[in-house]
Amino acid sequence: WRVDAAAPLAQHRSWALGTRSPGVGLLSVFRRRRGLDDATFLARWHGGHTPLTLAVHPVVAYPRCVVQAPLKPSPVVAGIVEERFATPAELLDPRRFYGGALAMVPNALRVAKDIAGFLDVRTVRSWLVAERRVLEPA
């Protein structure tokens, strides 16, 4: 895909290039919710969901890409995002992922309601990923 990339939260590299980055990532691709125009989709994702993610989840990096043009024959995708976590437990333990034992249920409900408002939940595909930086971003 041809994308516009941004990093609302960037992780400063403190490890050697070519070695595995610390922590883990959750890489997700998704389509926009039907009926949303580009401006509304981006406003909901960038202006609503991104701040919510940064407030609720213990992410150390949040690179995101808006897909501008799919390359044929690729699937139709509107967005690509990676949430990076310092440890696997911060992603895999729901209490830690959603801000603590008392905040877990209300935060999970807030996030679920929010994502349903701008993306097609049925099309979200996510993978647990590791990162190995071989070049420093320009």
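## Asp120: a buried loop residue

D120 counts as buried, at 12% relative accessibility. In this predicted model, D120 has its place in the loop between α4 (104-116) and β5. Once its neighbours within four places in sequence are set aside, the residues in contact with D120 are R31, R32 and R33.

## The five-stranded sheet

The strands form an open sheet of five, in the order β1-β3-β4-β2-β5, and the pairing is antiparallel. The edge positions are taken by β1 and β5, each of which has a single partner strand, so one side of each lacks a neighbour in the sheet. On average, neighbouring strands of this sheet are turned by 15° against each other, with direction ignored.

Several of the pairings can be followed strand by strand. From the β1 edge, six bridges connect β1 to β3 in the antiparallel sense, and within this pairing V3 is placed opposite V67 in β3. Strand β3 (residues 59-69) is joined in turn to β4 by five bridges, and these two strands also run antiparallel. Here A61 has R84 in β4 as its bridge partner. On the next step of the sheet order, β2 and β4 are paired over seven bridges, again antiparallel, with S28 standing opposite V81 in β4.

## Strand β4 and its two faces

How many residues of β4 (residues 79-85) are buried? Seven of its seven residues are, and the strand is accordingly described as mostly covered. The residues divide between the two directions: G79, V81, E83 and F85 point one way from β4, whereas I80, E82 and R84 point the other way. Residues on both sides of the strand are buried, and they include the charged side chains of E82, E83 and R84.

Two residues of β4 already met in the pairings fall on opposite sides of this division. V81, which stands opposite S28, belongs to the group with G79, E83 and F85. R84, the bridge partner of A61, belongs to the group with I80 and E82. R84 is also among the residues touched by E131.

## Helix packing against the sheet

Helix α1 lies across β1, β2, β3 and β4, and runs at about 170° to β3.

The axes of helix α1 (residues 38-56) and α4 come within 11 Å of each other and cross at roughly 165°. An angle over 145 degrees counts as roughly antiparallel, which makes α1 roughly antiparallel to α4. The crossing of α1 past α4 is left-handed. Where the two helices meet, α1 contributes R44, G48, H49, L52 and V56, and α4 contributes N107, R110, V111, D114 and I115.

## Glu131 after strand β5

E131 is found in the segment that follows β5 (125-129). Is E131 buried or exposed? Its relative accessible area is 19%; because buried means under 20%, E131 is classed as buried.

The side chain of E131 takes part in two polar contacts described here: one of 2.6 Å to the side chain of S21, and one of 3.3 Å to the side chain of R133. With residues up to four places away in sequence left out, E131 touches W15, T19, R20, S21 and R84. S21 therefore appears both as a polar partner and in the contact list under the contact cut-off of 4.5 Å. E131 and V24 are separated by 107 residues in sequence, yet their C-alpha atoms are 7.5 Å apart in space.

## Arg13 in the β1-β2 loop

R13 lies in the loop between β1 (2-9) and β2 (24-30). R13 is partly exposed, with a relative accessible area of 24%.

A polar atom of the R13 side chain lies 2.4 Å from the backbone oxygen of W15. Which residues does R13 touch, not counting those up to four places away in sequence? They are R133 and E136. R13 and E136 are 123 residues apart in sequence, while the distance between them in space is 8.8 Å, C-alpha to C-alpha. R133 also makes the 3.3 Å side-chain polar contact with E131, and W15 is one of the residues that E131 touches.

Methods:
Residues are numbered from 1 along each chain as its sequence is written. This is a predicted model: local features need pLDDT of at least 70, side-chain atom pairs count only at pLDDT 80 or more; totals for chains, interfaces and linings use all residues. Side-chain values use heavy atoms; hydrogens and water are left out. Helices (H or I, at least four residues) and strands (E, at least two) are DSSP runs, numbered from the N terminus. Buried means under 20% relative accessible area, exposed over 50%, partly exposed in between (1.4 Å probe, protein chains only). A polar contact is a pair of N or O atoms within 3.5 Å; within protein, one must be able to donate a hydrogen and the other to accept it, and residues adjacent in sequence count only if both atoms are side-chain atoms. Two strands pair if DSSP finds at least two bridges between them. Axes are lines fitted to C-alpha atoms, for helices over the stretch in contact, and angles run from 0 to 180 degrees between N-to-C directions. Angles under 35 degrees count as roughly parallel, over 145 as roughly antiparallel, 65 to 115 as roughly perpendicular and the rest as oblique. A crossing is left-handed if the near helix is turned anticlockwise from the far one by less than a right angle, and right-handed if clockwise.
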